[in-house]
Amino acid sequence: MLSVQQTQSGYQMQSKESKMQDLPKIMIVDDDVELLEELKEVLSFNNYEVEAMFNSALVFEVACEKKPDLIILDLKMKNKSGFQLADELYNSFKTKNIPLIAITGFFTEKEHVLMMKMCGIKNIILKPFEPESLLAKIASVLEEAKRNA
Amino acid sequence: MNVDRLKSSSVFYCIAIPVIAIIYYWIAQMSFMFAWRHTNVNADCPSSAVGFIIIYIFGQRFWPGIWLGVFLVNAGYYFSNPSFNLFQVILFSIPIATGNTLEAVVSSYLLKKLIGNRNPLHKAQDILRFALMLMVGCAIGASMGAITVCLSNLSYWNSFVFIWFIWWFGNFSWIFTLTPFFWAIGQRPFSKVDLKRILEFVISLSVLGVSNEMVFNDRFIISQMHIPITYFPLALTVWLTYRFGYWGAITSILLTLNQAFQGTSKGAGPFFSSGDISTSLLLLDTFIATVCGTCLLLAAALYEHRQAQKKIFLSEQRFRALVENNSDIILLVNSLGVITYCSPSVTRIMGYRQEEQVGHNILEFIHSEYEESIKIEFSHILSHPAEVIKTLVRIRHKNGSWRWVEGSGQNLLRDTSIGAIVVNYRDITEKKQVQERFERVFESSPLAKIIVNKQGKIQLVNQTAEVLLGYPREEMLKMSIDDFVPERVRKPHPAHREGFHKSPKVRPMGSVANLSVLTKDKREIPVEIALTPIENEDGLLVLATIMDITERKAAEEVLRNELKQATRLADVGTLAAIVAHELRTPLGVIQMAAHNLKNKNKDLAKDKHLENIQKKVWEGNHIIDNLLSYSNIKMPIYESCPILNLLDECISNVSNQFQRLDIAVDKFYKVPQGFVLEIDSNQIREVIVNVLNNAYQSMDIKGGRIEVLVQRNNDEFLQISFKDSGVGIGTENLDKIFRPFFTTKAKGTGLGLTICNEIINLHHGRFDIQSLKAQGTTVSISLPIQSKIFKQQ
């Protein structure tokens with residue numbers, strides 16, 4: 001079951017299943033707590049270890065520490081936008097190779113190109129998404145990452 | 001140093017006085033040496049002439065020289081007489097000197113007073129005046145001289161009158177005879193060196209000399225034959241005067257004078273009376289003076305005549321030059337209309353030689369169109385002497401072209417110096433062409449043009465102005481420009497006009513904003529006005545060019561509305577995008593929550609509810625999609641598009657999707673294949689596809705049909721109608737169909753027709769739906785054939 005722990009670095013949510021070491025580790029970042037909760041449930045149910053981040057400002061540190069296999073982030077967030085975050089991650093050698101999936105409600109062609117160029121965001125999921133299509137996307141991205149590594 | 005300053009310098013004066021005295025004295029001594037030494041009275045006659053000449057020519061200030069000269073001569077004369085002592089010599093010489101000097105001074109003063117500075121030889125009257133003034137002057141000299149002589153006991157008082165007369169007449173005749181010679185000096189005897197004339201002059205003078213010898217010196221054989229030839233020299237002198245003017249007169253007189261004096265003093269000739277030499281010389285003097293007077297008068301009269309002739313000649317030449325070089329042609333026409341004279345300018349202007357016109361009737365050259373009017377005018381001229389009649393006709397040029405001429409005629413048949421009808425005319429073809437061109441440009445201008453004088457009165461208007469202001473031309477020509485100014489601003493308008501007249505300069509269109517004119521039906525039309533000053537013979541006129549900007553104002557209004565609509569669309573679009581984005585996030589979460597619940601649910605009865613949630617989330621998403629596409633409607637980007645091709649393309653695309661329904665599409669295209677509309681083809685494609693989709697979807701059974709009709713509605717619109725045989729729309733729904741989110745379909749957002757309507761509206765077209773339940777629906781799209789936007793451009 002989900003438990004929300006108050007830690008020094010903010011809220012962290014962990015599930016019991018995430019302790020299994022061989023499962024792929026996915027970090028999800030969104031400032032919408034309900035979305036975070038439901039998305040974590042979807043992913044956990046499909047056998048992923050999930051690190052859910054509510055405060056985007058802390059993502060970079062945690063990512064360096066936990067080294068997730070994939071980060072899913074919302075582009076529009078309160079503290080630090082998805083673009084900034086992606087840029088930060090892409091430009092640090094520790095996190096450079098972590099693949100990113102961006103979730104967005106509405107974006108324009110211009111924004112898309114900017115993302116591609118600057119932040120290394122190669123994958124986009126449009127809101128609202130069918131859980132199945134997200135899972136399929138995750139699987140394909142992880143597969144590709146594994147191949148490249 | 002020039003002559004005038006030399007004359008007026010005192011050094012010259014001091015030298016001149018004794019020189020004059022010496023000259024005077026010397027000439028008098030010369031006279032004594034001549035034969036007439038016997039007489040005492042005539043002695044200083046030639047020198048008194050010199051005195052007069054000097055005073056007359058050089059001025060009265062030289063009188064002391066004369067006085068000194070006379071004094072010396074007389075002093076010498078008295079001194080040679082031993083009966084006078086020195087005191088007496090001086091005593092008697094002084095009055096004679098004074099008298100002779102006064103004689104010269106008074107007569108030259110009087111003459112100058114009468115005739116000024118002109119040469120006395122040039123006018124017969126002046127010769128007469130000269131003689132009269134001399135008579136007056138000489139009377140003074142003669143009186144003083146005769147009194148002195150008698151007082152000095154040189155003569156007796158009983159001979160005073162005789163002495164006085166001899167003195168007076170001697171001085172008079174000598175001055176009268178010799179002075180003209182000095183006046184003639186400086187005037188050329190011949191106008192040009194002409195050998196023939198010089199020869200004639202020399203021969204004539206020689207003949208005169210010979211005849212003088214015969215007459216006065218009794219020379220040659222003929223004089224001894226007692227033939228009376230005394231007056232022969234007179235005839236010769238007159239002849240010389242006639243031929244050579246005053247030069248002829250003067251030379252012949254001087255020659256005669258010389259010979260006659262020599263002869264007479266020797267005792268020869270007709271004037272010698274035995275005994276008294278004084279009487280003989282007096283007779284001779286009389287003769288010479290008479291001849292001299294006659295010839296000088298004749299010479300002066302001839303001179304005057306020649307001057308007058310020269311003047312006439314010059315003025316005639318000037319007049320001729322004027323006539324020949326005039327751009328007017330002058331005709332003299334007799335009472336029958338036949339040309340009797342034609343000025344030479346006709347060759348230059350009309351191409352005819354003078355003789356080609358003279359003798360012909362004027363009607364031969366005038367265009368037949370004007371024949372009648374010319375005949376009437378001609379008879380008017382004949383019956384109204386001296387009245388000037390003006391006319392405008394066409395005359396044939398020698399080269400066959402017809403020239404416009406402006407002419408005037410005046411009946412001067414009664415004027416004896418002319419005795420004809422005088423016709424003046426000038427070629428104004430070019431002027432008329434320029435004028436016509438101006439009138440054409442003025443008249444056909446698409447802008448209203450009005451010409452106004454200084455008082456604001458309308459002089460000329462064109463047709464556009466008539467149409468714009470609504471008044472007929474004749475009425476406008478009686479009106480003032482102020483009448484067209486709207487009443488609320490009419491009062492200050494005359495002052496504005498006067499201000500413009502004070503400093504007239506071109507005022508271009510648009511320099512004053514918000515102008516309007518008042519039409520006959522009291523409408524105010526927004527206009528722009530340009531003002532141009534025009535200078536002509538009637539003074540300053542002003543050309544007002546008026547441009548009706550009603551349409552432009554309307555176009556501006558349309559553009560403003562477009563802009564408003566675009567802004568509204570943009571606002572709606574932005575709002576919709578924000579709302580859609582914001583809605584999508586919670587919808588996504590709901591979807592995931594339902595998904596998760598379904599995964600965890602073991603109760604199949606609850607599954608149905610979860611599925612409902614998922615379904616409605618999907619529908620909500622669809623609504624958001626439509627909303628976004630509605631908000632995405634942009635202003636059309638117009639391009640030329642062959643509308644039938646677009647229609648075919650859409651029909652084939654849509655019918656492919658609905659192949660299974662087996663629906664026939666019948667096309668009725670009533671415009672040519674390449675018919676082009678100015679539209680945004682992407683937007684119109686969307687509309688057509690949407691309408692076709694609706695039509696297909698309305699068919700509930702197989703084998704339905706759709707008719708597509710394309711036709712011109714009128715000149716303005718192209719109508720595309722789609723008639724289906726579907727279920728139709730009930731009347732209760734028909735007026736709601738364009739409302740956003742209205743739909744009767746199970747699946748559908750209700751935004752399709754709203755978007756279509758919006759697009760067609762943006763194209764300035766019309767979107768109509770006619771439908772009856774169960775009888776099918778007809779959708780008509782009317783699009784403007786000429787885009788409104790294009791019209792404005």
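# A walk through a predicted two-chain model

Among contacts in chain A between residues at least 6 apart in sequence, 60% join residues at least 24 apart. Keep in mind that this model is predicted.

Visitor: Let's start with chain A. In what order do its elements run from the N terminus on?
Guide: Chain A has five helices and seven strands to place. Three strands come at the start, and after that helices and strands take turns. Written out, the order is β-β-β-α-β-α-β-α-β-α-β-α.

Visitor: What share of chain A counts as buried?
Guide: To count as buried, a residue needs 20 or more other C-beta atoms within 10 Å of its own. Chain A has 149 residues to test that way. The share that passes is 34%.

Visitor: Now the place where the chains meet. Which element gives the most to the side of chain B that touches chain A?
Guide: Here 16 residues of chain B are in contact with 14 residues of chain A. On chain B's side, the elements giving two or more residues are α19 (550-600) and α20 (604-631). The one that gives the most, with 14 residues, is α19(B).

Visitor: And how many residues on that side of chain B are charged?
Guide: Sort that side by type and you get seven nonpolar and eight polar residues. What's left for charged is one.

Visitor: Next, strand β6 of chain B. Is it enclosed or open, and why?
Guide: In a regular strand the side chains alternate between the two faces of the sheet. In β6(B), B:A448, B:I450 and B:V452 are buried on one side, and B:K449 and B:I451 are buried on the other. That makes five of the five residues buried, so β6(B) is largely enclosed.

Visitor: Which residue in β10(B) is the bridge partner of B:I450?
Guide: Five bridges join β6(B) to β10(B), and the two strands run antiparallel. Follow the pairing from B:I450 across to β10(B) and you land on B:A544.

Visitor: β6(B) and β7(B) form a hairpin, so which residue in the turn has a positive phi?
Guide: Three bridges join these two antiparallel strands, with B:V452 standing opposite B:I458. Five residues lie between the strands. The one with a positive phi, about 85 degrees, is B:G456.

Visitor: How far apart are the end C-alpha atoms of helix α8 of chain B?
Guide: At 1.5 Å a residue, its 23 residues should span 33 Å. The distance in the model agrees with that: 31 Å.

Visitor: Are the buried residues of α22(B) on the same side or on opposite sides, and why?
Guide: An α-helix has 3.6 residues a turn, so residues three or four places apart point the same way. The buried residues of α22(B) include B:I684, B:V687, B:I688 and B:V691. The buried residues cover an arc of only 165 degrees around the axis, which puts them on the same side.

Visitor: Last stop, the largest nonpolar core. Which helix gives the most to it?
Guide: Nonpolar side chains tend to be buried together in soluble globular proteins. The largest core here has 81 residues, and B:I55, B:I66, B:I288 and B:L296 have the most contacts inside it. The helix giving the most, with 13 residues, is α11 of chain B.

Visitor: How many residues does the second, separate core have?
Guide: Residues of chain A turn up in this core, including A:V50, A:A52, A:I71 and A:I121. Its size is 34 residues.

How values were computed: Residues numbered from 1 in each chain as written. Chains lettered and ligands numbered in written order. Predicted model: local features only at pLDDT ≥ 70, side-chain atom pairs only at ≥ 80, totals over all residues. Contact = placed C-beta atoms within 7 Å. Helix = DSSP H or I, 4+ residues; strand = E, 2+ residues; numbered from the N terminus. Nonpolar A, V, L, I, M, F, W, Y, C, P; charged D, E, K, R; others polar. Buried ≥ 20, exposed ≤ 12 C-beta atoms within 10 Å, placed from the backbone. Pairing = 2+ DSSP bridges. Expected span 1.5 Å × (residues − 1). Core = buried A, V, L, I, M, F, W, Y, C linked by C-beta atoms within 7 Å. Arc of directions from axis to C-beta.
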